[in-house]
Amino acid sequence: MNGKKLIAILVLLLLMPGCGPAMPPDAKPGARRNELRIGTTLPHTQFNAMTEEGAFGKMNYNSFTQAPFVETQDHVQVKPYFAKSWEVSPDNRELLLTFVDNAVWHDGRPVTAEDVKFTFEYFKNLRKSTYLQHLQQVEIVGADKVKLIFSQPLAFSALNKMSTFVFVYPKHIWEKVDNPRAYKGTDTTIGCGPYRFLSYDQASQTSHYQAVDNHFRGKPTIDYISVRSFATHAALVMALKNGEIDAVYDYGNPLEAGVVGVLQGVASVEVGTSGDPGNYQLSFGFKTDPSRDIAFRRAVKYALNYPLMASTIGGYHGAVAGGGIIAPPNRGFRADMPPLRQDKEKAGQLLDGAGYVDRDHDGFRELPNGQPLEVAVTIRFGAAQKPVYLRLFEILQRDLQDIGVRVRLDGSVNNESLWSKRTAVDRDYELYLGFTNAGIASYDSAAYTLVSVAAGGWGTCDLPEYEAAFRQLLASRNYAEYDRQMHVLQQFNDELVPGIALCWNQIFYPYRTDRFNGWIYYLGWGVVNNQTWYQVKPVEQRQ
Amino acid sequence: MLNLNFALRDRRVGVAILAAFLSVAVLAPLLSPYDPHAMGVPYLSPSSAHWLGTNDIGQDILSELLYGARISLFIGITAAAIITLVGMMVGIVAGYLGGKTDWILMAICNVAMVLPSFPLAIVLAAYLGGGIKSLMISICLTAWSGTALVVRASVLQLRSAGFIRTLEAMGANSVRIMFWHIVPNISGLVLVKAALAVCSAMLAEAGLSFLGLGAETEKSWGAILHYAFFRNGVFNGYWWWYLPPVLCISLCITGFMLLGRSRRDSASEHEVRS
Amino acid sequence: MRFRHLALQMVKYTFVAWFVISLNFVLSRLVPGDPLIHLLGEADYYYLLLAEPAALEALREKYGLGDPLVQQYGSYLASSLRGDFGYSYQFARPVLELVLFRLRWTLLLVVPAVALGALLGGYLGAKAGWDRESAVGRHLTAVFILINSIPPYGLALLLLSLLAFWLGVLPVGGMQTGGLTGWAYIWDIGLHLVLPLSILTLYKTAYHFLIMQSLLDCIRREEYVLTAAAKGLSQEKILWRHGLRNALLPYIATICMQFGYAVAGALMLEIVFSWDGMGTLVYQAVLSKDFPVLQLSFLVISFCVIAMNLLADFLYAVLDPRLRGAYVES
């Protein structure tokens, strides 16, 4: 047997990976056309304007293929889009919208008041979404005017809540459809936004879009857009670094500090740092003891190791949060609230004072009535962030054990049906490690996730003062009132502790500056937003 | 003769490796510098305070590794024990009783052999959720079939050698006595299969834990790798986080493999010992 | 006569196929919770539960979940035979089309790896198994045993971090960059394929090396080898002309029967390299509890394994009636 032959084979095996350049010379797609390449980790699951799912659904939050009635630009007040102007009635129960009269659907038909009425009735009857709660009636009052009547004084907050997320839908396509989610027709992508859907290439997970020439806002500055899905943030960042994509958009799943280190100092790449308007949080169930007991909640507030929580979530960019649970980039944020701090002694004292004593000397406290105390922690279900939540649970468990409270992980961690039932239907969790995303934070605020459903929220807190404050927030008639109520809410949050923010995080939406410029960066959202299509231009080529 | 020397040496190396790991597992509390659940400063590189640095929540990786030996070995050995016992039982019953029992058991065995085990484990993880129980079920569900087939073949051989008929003629009455006689004769074979079963069980457990489908609160080596990959340790080049678990898993499995391989070479399968 | 055995094997495999289909049914009905969730998906189910319970009940009727279990099973079998395996609720597309698309890419990874591994491993294993005392043979054996004990995704992680993240010579993941045609397209796929394929090939080489080695080790001791040597044939000639020929059939049969493990190995590698084949599909489906996809994926993989096993049986039946029914255990 020839040793030489063998060595030759092995050497060949070893060299195989290293052959050839990383990318063939002119294979970088989009390098020639006026095409903006966006990268995301949102999967391309559905292309349906009615659902908000997948890359397509979430891209539509940027006034992309669909036209929202109003849009928000970087947390400032709502701006007109499909609705040219509006009027809120003095009693805050009526909203009159005047909309654009020359809009055209991607299939050529004109957008009419019938479409608008259809859209709102759909939201009222079929979708029952939280954007337009308590919508009672929809009336056409002119060729370009529609009036919305609410059963409660919620018109102003409805205007804000539907901003960016509620689009006008084509009646001629959807009126014959029973279940929009299951509809398999080819016209599910039709809208009246500045871009139309062209195609989807499954092998490379890229969808393609083209600018609409006769859009009512004018022709966009970029001719073609492609959106590519990557499996992980690491792959996304590497693609940006290699110039395969120009910008990152990742609604609800922002890039965190751990992956952007490689982008520091790279030519033509902006790291795109901003505060996260959403936040990780610990919330209480309020249905049983001990989460009903304010002394227990306050004790938990003093028990947690905040610097460790913050660094687990955000690495070196994670900062300890304040007690108000509203994150800094949001409207109405109070900068005067002191950061949360750990004080295990004080936590212990609070528990002692409230009767949580270790009577049987097993190292763990019992409830004041003598029953054993074991708190179940439910964590948010979701693939991408599960490792983070499990880590947060480990820290929480440690911290609470240190003050003598026994903690276990709720069984729903592995059972999505059980988790959904627990968090969406029964709401019988005791402690919940969850998240407020940027969308909710933008108007409803983190308080929405804490307040009980009865008061218009999605949580369980039924403390009268907190509920009242939240109701008032939603009933605000203008931004001044809104800001005032936000101040009050944050104060209550600090005192009554329905929930605790675990970190003020930095998130990243990096982008390249070598092919396009004119980027406008929205805090907590990035450079891919509703102004991108008209502000970003290709860099002048010098040939 | 030369074969035997290599076999002996292989076996010795295997035993040495396994002895090292088992003692680490048993002595973990004494050997590890920190409590693996204690948290500190995250993402530290190796230093004199933390020989292998810290993970994403500041836990000492060396301590995690040492305690991880316990979980990984425990699950591997327990699963292998179950696999081997079940396989042996099925094989003996099928081979000894013959007839319809044999036919039914072999039908089940064949199905278990053909079913792809790893995809099945993943599918089961989806239906049963994670956790140690579902992990054990997934690992053991089809793996016993290999042992069963081999044991049955041995029993049939013993049968054809007249060994069993002799015993029956001598008046050995109950089936249990048969077991006392049959088992020693196949013990060499079964032990080899057991050692190899540990290899596949450990690989399976590590694979499922790596995917996050194992027991989430246990720190097995696979679970350490899970966090290393999904918390961007690999991306950022923290080799002290992902390299040691890979090495540990590999060495441990090599040890069991050497154990299994060497015995098969040295013990002749045609021997019959009474 | 030889085909009688083959027919028996086919019966066995049909039974296995039926078993897998039934297993899917059993799992979906026996798992705690409302089976309607599995059919509609999380989002829809809870939306309907809260907003329109009447519509939910109507759907329950429509899917026949109120019917007796046997009847449900019957209609499930019927629709399976028709090729109707439901819709993925993650992708809102028919599951069959989704799975077949992904299967293509997994096969692109598995088939070359198995073929290359069989060739390379077979060649090296033949040499090593024949000449048991050679130093190279022993060293290769040690190397390949070691490789078999490294978990494939472990090696994948190491190479990924070295070649893709650190050195940057290979893509970090995915299958294509998109938008390419012709030779650039093929080259692009090739680049993305290099790492996962190399690793899978390495493992298959290791495995087949050990198989071939032990096969030839057995054959070497046979009497006809001694006879051939006595006749004056060189060791080389004996190996390639006589030894290998006898080893070939069991070797190829083993390759076929190990196909299932090859697929399993590919699954893990796909997940690490974000290769969009069955591996990532199954993994995503597990995480998002997309049960229709999971069930069909499992079925398809089982079918591939069955097909390969059948191929092995067929080869035996056709090529060597003497060994029919008694496989060489390695």
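1. Two strands are taken as paired if DSSP finds at least two bridges between them. By that criterion, strand 4 of chain A and strand 5 of chain A, the latter covering residues 94–99, form an antiparallel pair with five bridges. One point of register is that Trp86(A) faces Leu97(A) of strand 5 of chain A. The model under discussion is predicted, and the remarks on confidence in the next point should be read with that in mind.

2. Confidence. Chain A has a mean pLDDT of 86, with 91% of its residues at 70 or more. Within chain A the lowest value belongs to helix 1 (residues 3–15), whose mean is 48. At the other end of the range is strand 18 of chain A (residues 499–501), at 95. Over residues 11–30 of chain A pLDDT stays under 50. For that stretch the model has 28 contacts beyond four places in sequence.

3. Domains of chain A. What are the bounds of the three domains? Domain 1 of chain A spans 66–182, and domain 3 spans 279–501. Domain 2 of chain A is assigned as two segments, 195–271 and 508–541. The C-alpha centres of domain 2 and domain 3 of chain A are 35 Å apart. Contact between these two domains involves eight residues of domain 2 of chain A and eight residues of domain 3 of chain A. On the domain 2 side of chain A, the residues touching domain 3 comprise three nonpolar, four polar and one charged.

4. The four-stranded sheet of chain A. The pair described in point 1 belongs to an open sheet with strand order 4-5-7-6 and antiparallel pairing. Its edges are strand 4 (83–88) and strand 6 (135–142) of chain A, each of which pairs on one side only. From one strand to the next, the twist averages 20°.

5. The five-stranded sheet of chain A. This open sheet has the order 16-15-17-14-18 and mixed pairing. Strand 16 and strand 18 of chain A are the edge strands, with pairing on one side only for each. Neighbouring strands are turned against each other by 30° on average, direction ignored.

6. Pairings within the five-stranded sheet. Strand 15 (residues 374–379) and strand 16 (residues 406–409) of chain A run parallel and are joined by four bridges. Here Glu374(A) is placed opposite Arg406(A) of strand 16 of chain A. Strand 15 of chain A also runs parallel to strand 17 (residues 431–436) of chain A, with three bridges between them. In that pairing, Val377(A) has Leu431(A) as its bridge partner. The antiparallel sense appears between strand 14 (residues 279–284) and strand 18 of chain A, again over three bridges. Ser283(A) stands opposite Gly499(A) in strand 18 of chain A.

7. Helix packing on this sheet. Which strands does helix 11 of chain A lie across? Helix 11 (residues 386–402) of chain A crosses strand 14, strand 15, strand 16 and strand 17 of chain A. Relative to strand 16 of chain A, helix 11 of chain A runs at about 165°.

8. Contact of chain B with chain C. The contact draws on 33 residues from chain B and 37 residues from chain C. On the chain B side, at least two residues each come from helix 3 (99–114), helix 4 (117–128), helix 7 (175–210), helix 8 (221–230) and helix 9 (239–266). Helix 4 of chain B gives the largest share, eight residues. The chain B side consists of 28 nonpolar and five polar residues, with no charged ones.

9. A position in chain B. Leu8(B) sits in helix 1 (residues 2–31) of chain B. Is Leu8(B) buried or exposed? Leu8(B) counts as partly exposed because 13 other C-beta atoms lie within 10 Å, whereas buried requires 20 or more and exposed 12 or fewer. Leu85(B) is 77 residues away from Leu8(B) along the chain, and their C-alpha atoms are 26 Å apart.

10. Chain C. The secondary structure of chain C comprises 14 helices and zero strands. Its C-alpha atoms fill a box of roughly 85 × 60 × 35 Å along the principal axes. Chain C is divided into domain 1 (33–84) and domain 2 (95–329), and the C-alpha centres of these two domains of chain C are separated by 40 Å. Of the 330 residues in chain C, 47% are buried. Among contacts in chain C between residues at least 6 apart in sequence, 74% connect residues at least 24 apart.

Notes
Residues are numbered from 1 along each chain as its sequence is written. Chains are lettered from A and ligands numbered from 1 in the order in which they are written. This is a predicted model: local features need pLDDT of at least 70, side-chain atom pairs count only at pLDDT 80 or more; totals for chains, interfaces and linings use all residues. Axes are lines fitted to C-alpha atoms, for helices over the stretch in contact, and angles run from 0 to 180 degrees between N-to-C directions. Domain bounds come from an automatic or database domain assignment. Two residues are in contact if their C-beta atoms, placed from the backbone, lie within 7 Å. Ala, Val, Leu, Ile, Met, Phe, Trp, Tyr, Cys and Pro count as nonpolar, Asp, Glu, Lys and Arg as charged, and the others, Gly among them, as polar. pLDDT is the predictor's confidence in each residue, from 0 to 100.
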